[in-house]
Amino acid sequence: MPQFNLKERTKAFALEVIALVEDLPRGRSADAIGNQLIRSGASVGANYRAACRARSKREFLAKLGIVEEEADESQFWLDLVIARGLADTDRVMRLREEARQLVAIVIASIRTARRTPRSIPHSAFRIPH
């Protein structure tokens with residue numbers, strides 16, 4: 001499996017979510033679903049970046065928990081897009097699969113971090129990323 005940069009992957013996910021939402025038909029339900037999807041999809045990347053700058057293991061785990069929740073929420077909104085027939089099913093399923101993989105990666109990271117006794121690197125003020 002090729003090595004990947006999770007910061008870039010979560011950013012790419014957010015950009016793909018935004019592109020999908022911009023292509024949704026206009027209407028009350030599509031607008032509401034789209035707004036929620038953009039919020040959760042963009043939050044995945046934003047909170048992952050925040051986790052990378054965590055000042056403590058506790059903060060790191062808390063931010064990763066938010067990433068997990070937001071990626072899972074994105075799956076929910078993508079399911080609604082499919083259920084309402086608002087976009088091409090294959091396109092949405094690819095995004096849904098990416099969200100599922102991100103959830104799995106984050107869960108594995110949380111489990112590893114909980115088992116790891118050493119602390120997470122401190123603030124970005126000391127360690128540039």
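Residues are called buried under 20% relative accessible area, exposed over 50%, and partly exposed in between. These classes are used throughout the description below, which concerns a predicted model.

The protein chain contains 4 helices and 0 strands, and from the N terminus on its elements follow the order α-α-α-α. Of the 129 residues in the protein chain, 37% are buried. The exposed surface of the protein chain amounts to about 8,000 Å², with carbon and sulfur atoms supplying 52% of that area. Among contacts between residues at least 6 apart in sequence, 76% join residues at least 24 apart.

Confidence in the prediction averages a pLDDT of 91 over the protein chain, and 88% of the residues score at least 70. Over residues 124-129 the pLDDT is below 50, and this stretch has 8 contacts in the model beyond near neighbours in sequence. Where pLDDT is low, the predicted coordinates should not be read in detail.

The largest nonpolar core comprises 31 residues, of which Phe13, Leu37, Leu64 and Val81 touch the most other members. Helices α1 (6-23), α2 (28-52), α3 (57-84) and α4 each supply at least two residues of this core. In soluble globular proteins, nonpolar side chains tend to be buried together. For Leu64, the residues touched are Tyr48, Ala51, Val106, Ser109 and Ile110, when residues up to four places away in sequence are not counted. Ala54 lies 10 residues from Leu64 in sequence, and the C-alpha atoms of Ala54 and Leu64 are 10.0 Å apart in space. Ala54 is placed in the loop between α2 and α3. Ala54 counts as buried because its relative accessibility is 0%, under the 20% limit.

Helix α1 has 18 residues and, at 1.5 Å a residue, should span 26 Å; the C-alpha atoms at its ends are 26 Å apart, so the expected and modelled spans agree. The buried residues of α1 are Leu6, Lys7, Arg9, Thr10, Phe13, Ala14, Val17, Leu20 and Val21. They pack against α2, α3 and α4. Phe13, one of these buried residues, is also among the core members with the most contacts to other members.

Helix α4 covers residues 89-115. For its 27 residues, a rise of 1.5 Å a residue gives an expected span of 39 Å; the end C-alpha atoms of α4 are 39 Å apart, which agrees. Val92, Leu95, Glu98, Ala99, Leu102, Val103, Val106, Ile110 and Ala113 are buried in this helix. The buried residues of α4 pack against α1, α2 and α3. An α-helix has 3.6 residues a turn, so residues three or four places apart point the same way. Val106 and Ile110, both in the buried set of α4, are among the residues touched by Leu64.

Salt bridges in the model number 6. One of them joins the side chains of Arg9 and Glu98, at 2.6 Å from N to O. This pair links distant parts of the chain, with Arg9 in helix α1, Glu98 in helix α4, and their positions 89 residues apart in sequence. Both partners are buried. For Glu98 the relative accessible area is 19%, and Glu98 therefore counts as buried, the limit being under 20%. Leaving aside neighbours within four places in sequence, Glu98 is in contact with Arg9 and Phe13. Glu98 thus touches both its salt-bridge partner and a residue of the nonpolar core.

A second salt bridge is formed by Arg91 with Asp23, whose closest N and O atoms are 2.9 Å apart. This pair also links distant parts of the chain: Arg91 belongs to helix α4 and Asp23 to helix α1, 68 residues apart. Arg91 counts as partly exposed because its relative accessibility is 26%, whereas Asp23, at 54%, counts as exposed. A further salt bridge connects Asp31 and Arg26, with the closest N and O atoms 3.1 Å apart. Asp31 has a relative accessible area of 30% and is therefore partly exposed. Arg26, at 59% relative accessibility, counts as exposed. Side chains of opposite charge can pair when their charged atoms come close.

Definitions and conventions: Residues are numbered from 1 along each chain as its sequence is written. This is a predicted model: local features need pLDDT of at least 70, side-chain atom pairs count only at pLDDT 80 or more; totals for chains, interfaces and linings use all residues. Side-chain values use heavy atoms; hydrogens and water are left out. Buried means under 20% relative accessible area, exposed over 50%, partly exposed in between (1.4 Å probe, protein chains only). Contact means heavy atoms within 4.5 Å. A nonpolar core is a set of buried Ala, Val, Leu, Ile, Met, Phe, Trp, Tyr and Cys residues joined through side-chain atoms within 4.5 Å. Accessible areas come from the Shrake-Rupley method with a 1.4 Å probe; for residues, only the protein chains shown count as cover. The expected span of a helix is 1.5 Å times one less than its number of residues. pLDDT is the predictor's confidence in each residue, from 0 to 100. A salt bridge is a side-chain nitrogen of Lys or Arg within 4 Å of a carboxyl oxygen of Asp or Glu.
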